[in-house]
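Open the structure in your viewer and keep the selection tool at hand. The tour below goes stop by stop, saying what to select and what is found there.

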Amino acid sequence: MKILVTGGLGYIGANTVIALAEAGYEAIILDNLSNSRMAVLGDIEGILDREVPFYKGDLLDEKFLEGVFNKEHPDGVVHFAGLKAVGESVALPLKYFENNVAGTLNLLKVMKAFEVYRVVFSSSATVYDPQNPPPFTEDMPLGPTNPYGDSKWMVEGILRRLSETHDPWAIGILRYFNPLGAHESGLLGEDPRGIPNNLMPYITRVAKGELKFLRIFGSDYDTMDGTGVRDYIHVADLARGHLMALTALSRGRGLGIYNLGTGRGHSVLEVVRTFERVNAVKIPYEYHSRRPGDVAVSFADTSKAAKALGFKASISLETMCRDAWRYEKTKK
Ligand code: NAD
Ligand code: UFG
C-alpha cells in the first residue's frame, strides 16, 4: 500500500516513514522544508538502504498537490505537515490558520478529487480544555488556549464533518502527548531552530554546553515535586501508533480519535534527573516562575488506543533520554 506522508522530513514524520517502510508500506514524502532539512532524506534512505520518493512543495499550492497525486496515486495519507510553535502562533495566528487549516483543506480537496479517502491526522493533547482533570479521555471537552491548538481543533472539526458525508472517508485523529527521543541509529531527532521552547531540546543543548542552564518553569505546582508533569512518549512508539491506526482504517469507513501517550506522567525534575543519570552529564537548572498557559499535569488515558488499535507504548523515559542525547551529540 502506498502512503503519502506530508511533513515526512520533520521529526515525527521521518520516524514514521521508517516505521511504514519497515512494515512493508511504500512511503512517499511531501515537505516544503519550512522546518526541516534535505539531509533528513539522506538519513532516512541510509537507514532503509533504499530510495524514498520525495516531493518538495507546499500544501498551500493545490496544483502542486494535484501533480503529486496524479503521479503517485497514493492509497492513503498520513498528514503531519503543520506549524507547531505555540508562542509563534500567538504572535502570528493567521500564519497558523492558513498553513494548518487552509493547507489541510487543500489536501482534503485533492484527496477527494482523486478518491483517496484514508487519512491519519496529527492532532495534539493541546486540544483538551485544561480544566479537565487528567488523565485525559478522548470524549472530554475540548478547549485549546492558543491559535496553534485552535488550528488542530478546527481541523478535527472539519474531519468529523467529512466523516458524516456519503463519501467513504476512513479517518484517524491521533492526539499526541509529548514526543521525545530519536531513531535508535542516533538520527532523526528533534532539531528546532534557535533557542528551543520544549523541554528535551533545551536539556540536550544545556548538556552540550550551548546553553548555560535550564529554566524550570514553576516549582509550586500541586505535583510530587512542584514541577509540571507531562506524558512523554518515545517517537518510535508514536510512529508505531500510526501503523496501528492505518491498520484500523483498513477495516472500514468512519472516524476514530485516539490519544497516543504512555498514560504515565513524569515531572520536569524527574526528566532532568533521569537524563543526568543515564547519560552521566550534569544539567544545571534554576527555578523560574510558571510559563503562561502551562497546565500543572497532563497525561493520557490510553485505554481507547489500547482497545481499538492494540497500541501500547513500551519505551522507557530512560531510553528517551539516551536517544535524545545520542542524537544531539552526533547531529551534523
Ligand atoms: P516538524 O516541524 O518537525 O515537522 C513538520 C514538517 O511539516 C516539517 O518538515 C515542515 O517543513 C513541514 N511543513 C509544515 N508546513 C508545511 C506545508 N504547508 N507544506 C508542506 N510541508 C509543511 O514537527 P513534528 O514535531 O514532526 O510534528 C508533526 C505534526 O505533529 C505537526 O502537525 C505537529 O503539530 C503535530 N504534533 C507535534 C507534537 C510535538 O510535540 N512534536 C505534539 C503534538 C502534535
Ligand atoms: N519546561 C521547562 N523549561 C523549559 C521548557 C519546558 O520547565 O525550558 C517545562 C514546561 O513548563 C512543562 C514541561 O517542561 O511543564 C514540558 O514542556 P514542553 O514545552 O516540552 O511541552 P508542552 O507540554 O508545553 O507542549 C508540548 C508541545 C505542544 C503540544 C503539547 C501536547 O509543545 O505543541 O506538548 O502535545 F501541544
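Helices and strands are named here as DSSP runs numbered from the N terminus, a helix being H or I with at least four residues and a strand being E with at least two. What you see is a predicted model.

**Stop 1: Ser-298**

Select Ser-298, in the loop that runs between β13 (285–288) and α10 (303–309). Is Ser-298 buried or exposed? Its relative accessible area is 6% and the cut-off for buried is under 20%, so Ser-298 counts as buried. Now display its contacts beyond four places in sequence: they are Phe-136, Phe-177, Val-229, Arg-230 and Asp-231. Keep Phe-177 and Arg-230 from that list selected, as both return at the next stop.

**Stop 2: ligand 2**

Move to ligand 2, which is surrounded by 22 residues. Arg-230 is among the closest of them, together with Ser-124, Asn-198, Arg-215 and Asp-294. For Phe-177, look at the backbone: one of its N or O atoms is 2.9 Å from an oxygen atom of ligand 2. Leu-199 also places a backbone N or O atom 2.9 Å from an oxygen atom of this ligand. On the nitrogen side, a polar backbone atom of Arg-215 lies 2.7 Å from a nitrogen atom of ligand 2. On its own, ligand 2 has 690 Å² of accessible area, and the protein covers 88% of it.

Colour the shell by element next. Two or more shell residues come from each of α7 (199–207) and β8 (214–217); β8 gives the largest share, with four residues. Coloured by class, the shell shows eleven nonpolar, six polar and five charged residues.

**Stop 3: ligand 1**

Select ligand 1 and the 27 residues around it. Which residues come nearest to ligand 1? They are Asp-31, Asn-35, Ser-36, Lys-84 and Tyr-148. Three polar pairs are worth displaying:

- Lys-152: an N or O atom of the side chain is 2.8 Å from an oxygen atom of ligand 1.
- Leu-59: a backbone N or O atom is 3.0 Å from a nitrogen atom of the ligand.
- Gly-10: a polar backbone atom is 3.3 Å from an oxygen atom of the ligand.

Taken alone, ligand 1 exposes 820 Å², of which the protein buries 95%. At least two shell residues come from each of α1, β5 (118–124) and α6 (147–163), and the largest share, three residues, is from β5. The classes here are eleven nonpolar, twelve polar and four charged.

**Stop 4: Leu-60**

Step along to Leu-60, in the loop between β3 (54–56) and α3 (62–72). Its relative accessibility is 36%, which makes it partly exposed. Measure the C-alpha distance to Asn-100: the two residues are 40 apart in sequence and 9.4 Å apart in space. Outside its neighbours within four places, Leu-60 contacts Glu-98, Asn-99, Ala-102, Gly-103 and Asn-106.

**Stop 5: the nonpolar cores**

Finish with the largest nonpolar core, a set of 43 residues in which Leu-9, Leu-20, Ile-29 and Ile-44 have the most contacts. Among the elements giving two or more residues to this core are β1 (2–6), α1 (11–22), β2 (26–31) and α2 (39–48). Centre the view on Leu-9; its contacts beyond four places in sequence include Ile-29, Ile-44 and Phe-54, and also Asp-31 and Ser-36. Asp-31 and Ser-36 were selected earlier, among the residues nearest ligand 1. A second core, separate from this one, has 27 residues, including Tyr-55, Val-110, Tyr-117 and Leu-159.

Key: Residues are numbered from 1 along each chain as its sequence is written. Chains are lettered from A and ligands numbered from 1 in the order in which they are written. This is a predicted model: local features need pLDDT of at least 70, side-chain atom pairs count only at pLDDT 80 or more; totals for chains, interfaces and linings use all residues. Side-chain values use heavy atoms; hydrogens and water are left out. Buried means under 20% relative accessible area, exposed over 50%, partly exposed in between (1.4 Å probe, protein chains only). Contact means heavy atoms within 4.5 Å. A residue is near a molecule or strand if one of its heavy atoms lies within 4 Å of it. A polar contact is a pair of N or O atoms within 3.5 Å; within protein, one must be able to donate a hydrogen and the other to accept it, and residues adjacent in sequence count only if both atoms are side-chain atoms. Accessible areas come from the Shrake-Rupley method with a 1.4 Å probe; for residues, only the protein chains shown count as cover. Ala, Val, Leu, Ile, Met, Phe, Trp, Tyr, Cys and Pro count as nonpolar, Asp, Glu, Lys and Arg as charged, and the others, Gly among them, as polar. A nonpolar core is a set of buried Ala, Val, Leu, Ile, Met, Phe, Trp, Tyr and Cys residues joined through side-chain atoms within 4.5 Å.
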